[in-house]
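Here is a short report for a reader new to this structure. Look at the model first, then read on.

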Amino acid sequence: MRPGLKFLYHIRLGSVHMYTQALDSCGTEPPSVAPAGEAERERQFQERIDRDEKIEPKDWMPDAYRQTLIRQIAQHAHSEIIGMLPEGNWITRAPSLRRKAVLIAKVQDEGGHGMYLYSAAETLGVSRGELMAQLLAGRAKYSSIFNYPTLTWADIGAIGWLVDGAAIMNQIPLCRCSYGPYARAMVRICKEESFHQRQGYEIMLTLARSGTRAQREMAQDALDRWWWPSLMMFGPSDVESGHTAQSMRWRIKRFTNDELRQKFIDATVPQARFLGLSIPDPDLRWDEASQHYASGPIDWGEFQAVLKGEGPCNRERLAARRAAHESGRWVREAAAAYADKHSDHRTGTGPAPGYAQAS
């Protein structure tokens, strides 16, 4: 077996162990001793949530809680994987060797984030093979932001500054998510995303503050195109969101979509002003009474269209993902064969569930 494949196999098992460590221990409320009544189970479950206890894979949980987590973690994982595409397109065209090296590292990080998240989803009883099949078939959702094109090098800066900045705003509270494996995965992801945001802002700083007039115009153009899609990343408004209230009650989420969006606007507007760039919102103003920036209306029609597959790059992104999945089939098959060959059946160790199912 090629050395790279052996490394891939061990890295994959390591990520599973890191985020599924509670699978080897019983929960505080194992099914065998849980109360008989479903209503009583749910009451005790909510009490644990209210005490800020972590729910682990072997603990009893309502099916709706499980399904909500599978939906959210899967969408998050798919977004990390699809999100590699618009930036990977610029690796060979980055303006310097340093920029190439940093962008390669960032794209590699995003792939790792997807693997951590798929591992967390597997603890809920769904295989990553099943999740990947849903993505490739077009049945699974991922963040609408990744269906927009990267037209210039400044777009890579805007993605790091705005898209990763919005991701950090959304994901830091997930480190306190009530579901243990998801919360633990987010700790490392958020640390790496913070570097991605700094990388993007540094690109914009170079273009806008030290660049030529053409480069400053390129930075402004990137901000104009990415600002509104970045605000849409937080999801629909609270009055239109069908999941927020229950996710808040279960402490999967700690803030509503609109609260997180407002935090992002308040943090980002001063950064744009330091860059000498203008936010493309004529209604943007500081509201003294609320001590927040008031902003104009979001085009939710565009948001819904992109989610339905009608964005500028929806078909292109899925086609690229399908092609990559098919070209990597031999790697998955070779890694699965290696795992089977070296499994220690006497101790029960071997490939993790779902490892060979992604083919």
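The accessible surface of the protein comes to about 17,200 Å². Carbon and sulfur atoms hold 56% of that surface. The model is predicted. Overall values are set out below.

| Item | Value |
|---|---|
| Accessible surface of the protein | about 17,200 Å² |
| Buried residues, of the 359 residues | 51% |
| Contacts with a separation of 6 or more that join residues 24 or more positions apart | 77% |

The protein has 14 helices and 2 strands.

Now take one helix, α9. The helix α9 covers residues 213-232, which is 20 residues. How far apart should its ends be at 1.5 Å a residue? The expected span is 28 Å, and the end C-alpha atoms lie 30 Å apart, so the two values agree. There is a bend in α9 of about 35° at W226. A proline, P229, follows within four residues.

Many names in α9 are on the buried list. Among them are A219, Q220, A222 and L223. W226, W227 and W228 are buried too, as are P229, S230, L231 and M232. What covers these buried residues? The cover includes α7 (153-171) and α8 (180-209). It also includes α11 (257-275) and α12 (300-310).

One loop residue is worth a look. T152 sits in the loop between α6 (128-136) and α7. Is T152 buried or exposed? T152 is buried, because its relative accessible area is 19% and the cut-off for buried is under 20%. Leaving aside neighbours within four places in sequence, T152 is in contact with W90, M218 and R225.

Note on methods
Residues numbered from 1 in each chain as written. Predicted model: local features only at pLDDT ≥ 70, side-chain atom pairs only at ≥ 80, totals over all residues. Heavy atoms only, no water. Buried < 20%, exposed > 50% of the residue type's maximum accessible area, 1.4 Å probe, protein only. Contact = heavy atoms within 4.5 Å. Areas by Shrake-Rupley, 256 points an atom, 1.4 Å probe, with all protein chains shown as cover. Expected span 1.5 Å × (residues − 1). Bend = angle between axes of the 7 residues up to and from the residue.
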